[in-house]
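User: I would like to learn how to read helices, ring pairs and salt bridges from a set of coordinates. Could you take me through them one by one?

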Amino acid sequence: PSVAGMSLEDYTKSPLLESNWMVRTLSGKMDAELNPQHLDIAKEILTNHFIIGLHDDRYGSVARFEKYFGWEYDDKQTSCRSQMLQDEMSRQDTAKQVFN
């Protein structure tokens, strides 16, 4: 059935809804019954193999990337980094323009 005409409630009650999609995808068990071990596998993958930056916290995200990757800067690079972040923060939020 097409989801275009479904309400959210109808969709959640339909066979189209994937149960624990992210856990299934990360653990590689799309069709199997899930157990706590699959959740542990998904958590381990997210903990050890991903680094996430937040658009709303660009300074914090860049600091997290720098720490994770061991990036260090000389004075000129530090100035460039600071200017880049200031320019980015002063720009209008293009994502909000797209979705509004």
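Analyst: What follows goes through one helix, then the aromatic pairs, then the salt bridges. Please keep in mind throughout that this is a predicted model.

User: Let me begin with the helix H3: how many residues does H3 have, and what span is expected for H3?

Analyst: The general idea is to compare the end-to-end reach of a helix with a rise of 1.5 Å a residue. Helix H3 covers residues 36-49, which makes 14 residues, and from its first C-alpha to its last it reaches 20 Å, close to the 20 Å expected.

User: Which residues of H3 are buried, and where do they pack?

Analyst: Burial is judged by relative accessible area, with under 20% taken as buried. In H3 this applies to His38, Ala42 and Ile45. Viewed down the axis of H3, the buried residues fall within an arc of 60°, so they line one face of the helix. These buried residues of H3 pack against helix H2 (21-27), while the face turned away from the buried side carries the exposed residues Pro36, Gln37 and Thr47.

User: What caps the N-terminal end of H3?

Analyst: Here one looks for a side-chain oxygen beside a backbone nitrogen at the helix end, and in this model the cap is Asn35, with a side-chain oxygen that lies 2.8 Å from the backbone nitrogen of Gln37.

User: Turning to the rings, how many aromatic pairs are there?

Analyst: Rings are paired by the distance between their centres, with 6.5 Å as the limit, and the angle between the planes then sets the class: under 30 degrees is stacked, over 60 is edge-to-face. The count comes to 2 aromatic pairs. Tyr68 and Phe69 form an edge-to-face pair, at 4.9 Å centre to centre with 90° between the planes. Phe69 and Trp71, in turn, form a stacked pair, at 5.1 Å centre to centre with 15° between the planes. Ring pairs thus link Tyr68, Phe69 and Trp71 into a cluster.

User: Is Tyr68 buried or exposed, and what are the relative accessible areas of Phe69 and Trp71?

Analyst: Tyr68 is exposed, with a relative accessible area of 52%. Phe69 is partly exposed at 46%, and Trp71 is likewise partly exposed, at 43%.

User: How many salt bridges does a search of the whole structure find, and how should I read each one?

Analyst: The search of the whole structure finds 3 salt bridges, and for each it helps to ask about the distance, the place in the sequence and the exposure. The side chains of Lys13 and Glu9 meet in a salt bridge at 2.7 Å, N to O. Both lie in helix H1 (residues 8-13), 4 residues apart, about one turn of the helix. Lys13 is exposed, with a relative accessible area of 63%, whereas Glu9 is partly exposed, at 49%.

User: Which parts do the other bridges, Arg58 with Glu88 and Glu66 with Arg81, connect?

Analyst: Arg58 forms a salt bridge with Glu88, the closest N and O atoms being 3.4 Å apart. Arg58 belongs to helix H4 (residues 58-69) and Glu88 to helix H5 (residues 75-90), so this pair ties together parts that are 30 residues apart in sequence. Both Arg58 and Glu88 are buried. Glu66 forms a salt bridge with Arg81, with the closest N and O atoms 2.3 Å apart. This pair links distant parts of the chain, Glu66 in helix H4 and Arg81 in helix H5, 15 residues apart, and both Glu66 and Arg81 are buried.

Technical notes: Residues are numbered from 1 along each chain as its sequence is written. This is a predicted model: local features need pLDDT of at least 70, side-chain atom pairs count only at pLDDT 80 or more; totals for chains, interfaces and linings use all residues. Side-chain values use heavy atoms; hydrogens and water are left out. Helices (H or I, at least four residues) and strands (E, at least two) are DSSP runs, numbered from the N terminus. The expected span of a helix is 1.5 Å times one less than its number of residues. Buried means under 20% relative accessible area, exposed over 50%, partly exposed in between (1.4 Å probe, protein chains only). The arc is that of the directions from the helix axis to the C-beta atoms. Contact means heavy atoms within 4.5 Å. A polar contact is a pair of N or O atoms within 3.5 Å; within protein, one must be able to donate a hydrogen and the other to accept it, and residues adjacent in sequence count only if both atoms are side-chain atoms. Rings of Phe, Tyr and Trp (its six-membered ring) pair if their centres lie within 6.5 Å; planes under 30 degrees apart count as stacked, over 60 as edge-to-face and the rest as tilted. A salt bridge is a side-chain nitrogen of Lys or Arg within 4 Å of a carboxyl oxygen of Asp or Glu.
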